[in-house]
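Subject: Structure for you to look at

Hello,

Below are the sequence and the structure we talked about. Please open them side by side and read the notes underneath with both in view.

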Amino acid sequence: MYNKEFYNLVEKYDLSVAQAAGFLTAYVALEGNLDHPKYGNLWEVSTSKRSITRVIYEASLTIISGYVTQDALSILDNQLLDKSEKTKLTTHDHVFSPQTYGHFICSRWDLFKGDLDNFFKHMIILSTTVHCSVVENNKFKKFTVNDATTKNILRLKVPTQDRYAAAGIKRLFNKNTGKYAPAFPFELSEDFDEFQKKELLI
């Protein structure tokens, strides 16, 4: 059923067929929502935005980056806690909120239309996670606003690259290298940064 391009992307991004199928399904759904032959671009209808970005959220993965916060590391290394307790106290935070990043993808569909490879690349980016404590994750959530104060439009209180610093995290530990790194050691595209400055930040 899938073509050669699909399987090439499976190999390129080290995905399972099921994971890649989720990405492809989201892509096809976005094509229909953002360039429909009868209804046009539904992204221009404010009441449709949440359901459209939900498509991206549902297709997103939890890709472990290897980075962990100091608080989470302390919990994971605590020999007085059993596995279930550690699981309850920690979680995997998406570096780029999938629904927030979805606003970028839908608003800048010109970057992805006809380019499945680029879409897969950005789905990998928005699926990347950092292991943090639940307490820290609750702090991160407060930096995203979508209520009456923003007319029910998703907005950010701080730039994505400053979320961890704003929560008091100064550095991350890389379990793959055994070394510490700055609080945001991730790639941030110029296109996304420009978009969040113009459309998301309050």
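Strands β1 and β3 are joined by three bridges and run parallel. Strands and helices here are DSSP runs (E, at least two residues, for a strand; H or I, at least four, for a helix), numbered from the N terminus. Two strands count as paired if DSSP finds at least two bridges between them. Within the pair of β1 and β3, Ile63 has Thr128 of β3 as its bridge partner.

This is a predicted model, in which local features need pLDDT of at least 70 and side-chain atom pairs count only at pLDDT 80 or more, while totals for chains, interfaces and linings use all residues. Residues are numbered from 1 along each chain as its sequence is written, and side-chain values use heavy atoms, with hydrogens and water left out.

The sheet

β1 and β3 belong to an open sheet of five strands, in the order β2-β3-β1-β6-β7, with mixed pairing. β2 and β7 (179-182) are the edge strands, since each pairs on one side only. On average, neighbouring strands of this sheet are turned by 45° against each other, direction ignored. For such angles, axes are lines fitted to C-alpha atoms, for helices over the stretch in contact, and the angles run from 0 to 180 degrees between N-to-C directions.

From one edge, β2 is joined to β3 by five bridges, and the two run antiparallel. His92 stands opposite His131 in β3, and Thr91 has Cys132 of β3 as its bridge partner. On the other side of the order, β1 (residues 63-68) and β6 (residues 171-174) run antiparallel and are joined by two bridges. Val68 is partnered there with Phe173 of β6. Phe173 also has a bridge partner in β7, namely Tyr180. β6 and β7 are antiparallel over four bridges. They form a hairpin with four residues between them, and Gly178 in the turn has a positive phi of about 75°.

Is β3 enclosed or open to the outside? Six of its six residues are buried, so β3 is largely enclosed by the rest of the structure. Buried means under 20% relative accessible area, exposed means over 50%, and partly exposed lies in between (1.4 Å probe, protein chains only). In a regular strand the side chains alternate between the two faces of the sheet. In β3, Thr128, Val130 and Cys132 point one way, while Thr129, His131 and Ser133 point the other way.

Helix α8

α8 lies across β2 and β3 and runs at about 120° to β3. Which residues of α8 (residues 134-141) are buried? They are Glu136, Asn137 and Phe140. These three cover an arc of only 100° around the axis, which puts them on the same side of α8; the arc is that of the directions from the helix axis to the C-beta atoms. Val135 and Lys141, on the other side of α8, are exposed. The buried residues of α8 pack against α4 (70-76), β2 (90-94), β3 (128-133), β4 (144-145) and α9 (163-166), where contact means heavy atoms within 4.5 Å.

Helix α6

Nine of the ten residues of α6 are buried, so that helix is mostly covered. Among the buried ones are Pro98, Tyr101, Phe104 and Cys106. Thr100, which lies in α6 (residues 98-107), counts as buried at 4% relative accessibility. Leaving out residues up to four places away in sequence, Thr100 touches Thr144, Leu154, Leu156 and Leu200.

The axes of α6 and α10 (residues 190-200) come within 10 Å and cross at roughly 100°. The two helices are therefore roughly perpendicular to each other. By angle, under 35 degrees counts as roughly parallel, over 145 as roughly antiparallel, 65 to 115 as roughly perpendicular and the rest as oblique. Thr100, Tyr101, His103, Phe104 and Ser107 of α6 make this contact with Asp191, Phe192, Phe195 and Leu200 of α10. These contact residues divide into five nonpolar, three polar and one charged. Here Ala, Val, Leu, Ile, Met, Phe, Trp, Tyr, Cys and Pro are nonpolar, Asp, Glu, Lys and Arg are charged, and the others, Gly among them, are polar.

Two loop residues

Most residues other than glycine have a negative phi. Lys151, in the loop between β4 and β5 (155-156), has a positive phi near 60°. Lys151 is exposed, with a relative accessible area of 70%. Asn152 is found in the loop between β4 and β5 and has a positive phi of about 60°. Asn152 counts as exposed, at 57% relative accessibility.

Regards
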